[in-house]
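Visitor: Please take a close look at one part of this model, the contacts made by a single chain.

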Amino acid sequence: MDNENGFFGRLGTRLTLAAMVLFTACAAAPAAAAEKITMWSHWADEQNKKDFVMEAVKRFKDKNPGFDVEVVWYQKPQLITALTTSFQAGSGPDIFYLEPAITGAFPPFVDNGFMYDIGKQVDALIEPWAYPFAKKGNMTYLLPLEAYMPVLYYNKDIFKRAGVTLPADGKVDTETFKDIVAKTKAAGVTPFSAGTMDRDWAGSLVTESVLLRFIGQDKWQNIPTGKTAWTDPDVVAGLKYIEDLVKAGAYSQGVSSIKLGESHGLFFGGKYAMFPMRTFFGGRAFVPVEKGGMAPDFPLGIMDFPVVKGGKANDLTYMQVGGSYGVSAKSKNPAKAAELIALMGTPDMAAMWMDKVKGQTGVKADATAANDPYFKMLGDATKGLKPLPGPMELGMDSSYRDVFYKTSTALVAGHMNADAMVKQMEEARAKVKK
Amino acid sequence: MKSVWKNRKRLRAINTAALFLTPALLFYALFIVFPLLQSLVFGFFKVDILGGEATYHFVGLDNYRAVIDDAVFWQAAKNTLVWAITSPFLEIPVGLLLALYLQRGTRLTKFMRVLWFMPVLLPQIVVGIIWAWIYNSEWGALNQILKTIGLESWMRAWLGHPDTALPALIVVTTWTWIGFNMIILLAAVSSIPKDLLEAARLDGATRVQVLRRVIIPLIRPVIANLMILCFIGKMKVFDLIWATTQGGPMWSTETVATYTVKRAFYWNTFEKGYPSAMATTWFVIIMAISLLITRAMQKKDTLEY
Amino acid sequence: MNSWLRKYQQNGGLVARLAETLLMLGYTLFTFSPLAWVFTMSLKDTATIRNSPYSIPLDPRWANYTDVWFTSNYSQYFINSGYAVGLAIAILIVVGAMAAYAFARMPFRGSEFIFMAIFASIMLPAQVLLIPLFQLLVKYSLINTLTGLALVYVAVQLPMAIYILRSFFAQIPRELAEAARMDGCGEWKIFWKIMMPIATPAISTILIVNFVALWNEFIFAVIFIQDESKRTLPLGVMKFVGDVYEDLGHMAAGLVISIIPVLLLYVFFSEKFIKGMSAGAVKG
């Protein structure tokens, strides 16, 4: 035959080809008789959440011996692409991770008829405040497993070194906060750890909480609808405050090239004073150090965002449902899949969620977490705060939201000042159908 | 009698040609022509997926008008063109210089040739991840090197700043493809008759003069080919961006490829009409540019199909 | 001695030579150091990498490699890529050669136009075809299959293959075919028994060029393949990197594993690779 081509000559190719066809034929041969449920999920790199899900899977398999469960873990952007392409192709998993449609963080699968109603199995398990996130019309389409709110984590040792003492009630006003930023900067660390490279919302965390305090509930909740103008003096004041923080060096120059996971790691590494983050922080913090987790003796502190003197929203924050699970409308075993999801939402599993992941949940949980030091700290920091459904961009249309995220990132990275952001946001607001 | 036989022969010839051509034509029609037409047609509709079924809703020129208004699309187009136009001027001159060096044909140069060609073989995904580490503002090699040689003020977040992100990525594609251009130019330069070069040198020409007056004119068709290949190649860049900046910061590394994929498969709706209109618009732009380039090349009489 | 001296003088003297050598060394460092660095990273653990990213590992952690190989799906990724690429190249060569032979040896009115039309599609970037191809594959249930992916690869790589083979076939003397015809051979037989074996160098070129291009192909694969069990190598690398996220040592090991096969093939067949890829763009 043709020897001049070396191994990959025609003969080699034909052999490889034949081998591959044989292999595919064998692989395509009917599998074992067990029925299978497929699950696609985010959290590929968050071990404690994976453990939680696998515990639910185990309980399901114990109850249903004839079923096999296949779980595939993804990073969120790849998960979204995989789900979008496979649903449009008419296939896809039985159960999948998703986030509520109204947060806009995830494609609106429920709006396009891709979801199965799991109300029968999970309605009784959901906390009342979480209903708007879990329901569309009469249909319950997800179990609101993960809930979170924004807080400011900080490094107690750095604060001590920098000479920062927090008042007894933990609330600082905007001027004091600026002072804290200056003091920590003077102590030789970067005040905020943040990274927007793989999560475009990460640059807007401080901005939206600060804006809430500056402009009040009404205007804040009307930003997504386009009713609130960015030229509103309260809005401008809020953005200029952020600009001042940025000018004082609150953020690192590399904000846009740091990934979310990395920003956690940098804070755990001890060279950053504060870490504005949502409380799903636990998923990355409370894992073994070799997997990128926080050292058990890390001097962790939690505080609230600054309050505005004379402001109307100083007791407000927002709460959001994040990681949830739903069943595909095309599933061949939808009731069984819903059963698996319901197993994740039993009160004792929810308590396990809070314990393992140190996160909040939209599911009713056994009241066991009160004694955990982390939850105590969290409770103290957020004492008296009333949560609105959030975040600020809840309900924004996609282009408007995209501009908001991009300009927020530019603002904190120092590439844009407040006036430029106002201008660009106003341009985007003009395109919103009110 | 003779004419019948000739006609039958001609028919048979056409039949055989058809037989040989059909498979390729099938592929071409099914996978290229038909999709292109479909892209064009979809652009006139709002295409949504509801419960697994596609719905079509005629909107006339609305999508195309929206594309014209879409600032991100034009930014992406600009970025893609910047990439495609600057790259040939980076990859080819360096490739030529390296080729001239390799032409010596010593054992050392043979080894270098093997080494310098390696980047071409790597998946751009892997290349992207490695270079993202190099460009890392905290511990990446580039900033560390700058610090060591005393240029600390030059340290920055290379992939994090809108002004430096695109050039940083262009450096990466240049790093990848210099070797490819080098190899081809080496083959081209090697095919120049040695006597010509000898004669020029004996006449007292310096190396630079030999390069400008003898070598380059003789390999001009190859250089033209490479420029076109390079241009086309950079219009297609996707993997590198996907593995590093994902189009950020502030759309400075967004290309038409990444934006199309995002709008079609990663956006908040499943609507396909708009990205189709975008793809068709881009296709028209590419065709226009290609025609311009071909026209320019033909004028110089250096390219023949 | 004489020629050595002449070469020495012609090359501009000692200083120029030194500068040249330094530049070439510099370029070698520039080309090779990213790869060398990843290799050293792959032999350390994450903490060491963070503390001293550039040190040579005195205590290499070869376990990184076994960890990655056995906990990841790399073997499956290699098999999948092998199937998709192998199938695509096999079909490409046959279909492309047939068409090229027709263009070269069986011209008819309009064949030149058809050839140009096919060749023009070489400048179509993937994103223009992505959405409709997606719909097409869905319609024929080829979505999420390696076979469907391979067919797309064939269509996209055909123009270049036909171009290369056409100019090759055009150079084969007509007498060969004439002689065979006189002996009573049909066109089909002539093509397979005579033309294809002669075209081996061109086929070899196409094989190598497409192997490199398709082995590393990403954009079509990421949109058309969703199942983990069907991921090709580039997709697998992306998934793997996402899985081990903060574990830099394992990530680096995974990257090295993904590029070792091609690099090994290259080291052993470097001449063929280089000749193959250059034959595509230099005429004659």
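Guide: What follows covers chain C, its two interfaces and one pair of its helices. This is a predicted model, in which local features need pLDDT of at least 70, side-chain atom pairs count only at pLDDT 80 or more, and totals for chains, interfaces and linings use all residues. Residues are numbered from 1 along each chain as its sequence is written, while chains are lettered from A and ligands numbered from 1 in the order in which they are written.

Chain B puts 68 residues in contact with 64 residues of chain C (contact: C-beta atoms, placed from the backbone, within 7 Å). On the chain B side, helix 1 (residues 2-42) provides the largest share, 15 residues (helices are DSSP runs of H or I, at least four residues, and strands are runs of E, at least two, numbered from the N terminus). That side has 54 nonpolar, 9 polar and 5 charged residues (Ala, Val, Leu, Ile, Met, Phe, Trp, Tyr, Cys and Pro count as nonpolar, Asp, Glu, Lys and Arg as charged, the others, Gly among them, as polar).

With chain A, 32 residues of chain A are in contact with 28 residues of chain C. Two or more residues each come from helix 1 (10-28), strand 2 (67-73), helix 3 (76-88) and helix 10 (260-268) of chain A. Helix 1 of chain A gives the most, 7 residues. The chain A side divides into 10 nonpolar, 16 polar and 6 charged residues.

Within chain C, the axes of helix 5 (residues 74-105) and helix 8 (residues 146-171) come within 6 Å and cross at roughly 35 degrees (axes are lines fitted to C-alpha atoms, for helices over the stretch in contact; angles run from 0 to 180 degrees between N-to-C directions). The contact of helix 5 of chain C with helix 8 of chain C comprises 24 nonpolar, 4 polar and 2 charged residues.

Key:
Contact = placed C-beta atoms within 7 Å.
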